[in-house]
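Me: I'd like a close look at a single part of this one. Could you pick out one helix and walk me through what surrounds it?

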Amino acid sequence: VDGEGDGCGLLLDIPRKIWAEEVRSGGHDPSLATDDAFAVAHVFVERSRDVEKVKHDARELLAAGGFRVLAERVGVVNPPALGPTAREEEPIFWQIAGLVPDAKCRDDVLFDLMIDLEKTLDVHVPSFSATTCVYKVMGAPNVLGEYYPDLRDPRFETIGCFGHNRYSTNTWPSFKRVQPFSVLGHNGEINTIQQLRQEAKMLAVPIQPDSSDSQDLNRTIDTLVSREGFSLAEAMEMVVPPIVEEIRGLPEDLHAFYLYLHQTMGPFAQGPVALIARHGDECV
């Protein structure tokens with residue numbers, strides 16, 4: 001609309017060489033950026049908020065959860081790259097890097113911290129992970145690389161690059177609804193939005209009240225993987241199972257297993273769909 005796209009983003013590896021320099025600048029050992037306990041949060045804070053208070057409260061929340069902050073970056077963006085609508089909605093982009101107390105249970109800890117940040121401080125957290133990070137923007141793909149200098153930095157290395165150029169259908173575009181989300185990018189329709197939310201609630205999935213259907217799907221998958229210990233493939237197969245007709249075409253020894261998955265949650269997240277997801281070293 002008026003030469004302005006409604007959103008696109010990338011799910012990438014944490015740029016550890018960039019963060020090693022930031023950690024060094026903060027007076028810490030730069031090798032900590034490659035530690036298994038090292039994690040990075042990307043946070044969007046609305047400009048109308050008292051940003052310093054939000055940051056202060058966020059640091060207290062993170063410290064209470066055992067997260068040790070090593071480095072921060074605020075507003076490493078290029079606002080003139082945005083179109084007029086996006087400029088009106090542009091949030092503060094805040095990046096926080098640090099260490100979880102125990103690398104063995106990092107996914108669970110980081111997931112809970114992400115939920116607490118969003119719920120307590122009313123911010124949007126595109127990603128909080130020990131392996132990946134999300135850069136997203138209201139705009140067409142050419143805006144993304146112009147807006148985030150990190151993406152043009154020769155130190156930025158990633159083993160995979162998951163992109164989504166969002167085609168908005170049933171929600172108004174905004175920075176927080178741009179895809180990909182923390183683990184997935186979803187193109188398509190959720191056939192029974194309310195039913196999926198009811199199922200998620202029964203599984204204690206912390207759905208945000210104003211989220212899009214794709215965000216609901218992301219949060220459900222992320223909960224099953226990060227908190228419940230499912231593999232990404234297991235979570236995806238359970239939440240988006242094959243339709244019965246497809247199951248009939250599978251080898252016979254798989255029929256009972258897939259019918260079980262189909263009955264566990266039901267086809268509530270189904271619809272015409274293209275879906276990509278990544279968590280740690282798994283991708284689907």
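What follows is a look at one helix and its surroundings.

Reply: Happy to. Bear in mind that this is a predicted model. Let's take helix H7, which covers residues 213-226.

Start with the helix itself. H7 has 14 residues and reaches 20 Å from its first C-alpha to its last, close to the 20 Å expected at 1.5 Å a residue. How many of its residues are buried? The count is 14 of 14, so H7 is mostly covered, with buried taken as under 20% relative accessible area.

Two threonines give a feel for that. Thr220 lies in H7 and counts as buried because its relative accessible area is 0%. Setting aside neighbours within four places in sequence, Thr220 is in contact with Ala200, Val205, Ile207, Val239 and Met265. Thr223 is also in H7, and its relative accessible area of 1% is why it counts as buried. With neighbours within four places again left out, Thr223 is in contact with Phe111, Ala204, Val205, Pro206 and Glu228. Val205 turns up in the list for Thr220 and in the list for Thr223.

One of the Thr220 contacts, Val239, belongs to helix H8, which runs over residues 232-239. Glu237 has its place in H8 too, and with a relative accessible area of 26% it is partly exposed. Beyond neighbours within four places in sequence, Glu237 is in contact with Pro242, Tyr258 and Leu261. Another Thr220 contact, Met265, sits in helix H10, residues 252-265. Ala256 is in H10 as well, and here the label is exposed, with a relative accessible area of 60%.

Now follow the Phe111 contact of Thr223 over to helix H4. Phe111 is among the buried residues of H4, along with Val109, Leu110, Leu113, Met114, Ile115, Leu117, Glu118 and Leu121. What covers those buried residues includes H7, together with S2, H2 and S5. H4 has 16 residues and reaches 22 Å from its first C-alpha to its last, close to the 22 Å expected at 1.5 Å a residue. After H4 comes Asp122, with a positive phi near 55 degrees.

H4 also leads into the nonpolar interior. The largest nonpolar core has 39 residues, and those touching the most other members are Trp19, Phe38, Val43, Phe67, Leu117, Val123 and Phe128. At least two residues of this core come from each of H1, S2, H2, S3, S4, H4 and S5. H4 gives the largest share, 8 residues. For a closer view of one member, take Val43: leaving out neighbours within four places in sequence, Val43 is in contact with Ile92, Phe93, Trp94, Ile96, Val123, His124, Val125 and Pro126. There is a second, separate core of 21 residues, which includes Leu12, Phe44, Tyr148 and Val178.

Back to H7 and the empty space around it. The whole structure has 1 cavity of 30 Å³ or more, and the largest cavity holds about 180 Å³ of space. Which residues lie nearest the centre of the largest cavity? They are Phe128, Ser129, Asp222, Ser226 and His279, out of 17 lining residues. H7 supplies at least two residues of that lining, as do H4, S5 and S9. The largest share, 4 residues, is from H4. By class, the lining has 6 nonpolar, 8 polar and 3 charged residues.

Then there is the largest pocket, with about 490 Å³ of space. It is lined by 30 residues, and Phe44, Val123, His124, Phe175 and Lys176 are the closest to its centre. S2, H3, H4, S5 and H7 each supply at least two residues of the pocket lining, and here the largest share, 4 residues, is from H7. The pocket lining has 11 nonpolar, 7 polar and 12 charged residues.

To put it together: H7 is mostly covered, helps cover the buried residues of H4, and contributes to the lining of the largest cavity and of the largest pocket.

Definitions and conventions. Residues are numbered from 1 along each chain as its sequence is written. This is a predicted model: local features need pLDDT of at least 70, side-chain atom pairs count only at pLDDT 80 or more; totals for chains, interfaces and linings use all residues. Side-chain values use heavy atoms; hydrogens and water are left out. The expected span of a helix is 1.5 Å times one less than its number of residues. Buried means under 20% relative accessible area, exposed over 50%, partly exposed in between (1.4 Å probe, protein chains only). On a 1 Å grid over the protein atoms alone, a cavity is a set of points where a 1.4 Å probe fits but cannot get out, and a pocket is an open set with protein on both sides within 12 Å along at least five of seven lines; lining residues have an atom within 4 Å of a point. Grid points are joined across faces, edges and corners, and a volume is the space filled by probe spheres set on the points. Ala, Val, Leu, Ile, Met, Phe, Trp, Tyr, Cys and Pro count as nonpolar, Asp, Glu, Lys and Arg as charged, and the others, Gly among them, as polar. Contact means heavy atoms within 4.5 Å. A nonpolar core is a set of buried Ala, Val, Leu, Ile, Met, Phe, Trp, Tyr and Cys residues joined through side-chain atoms within 4.5 Å.
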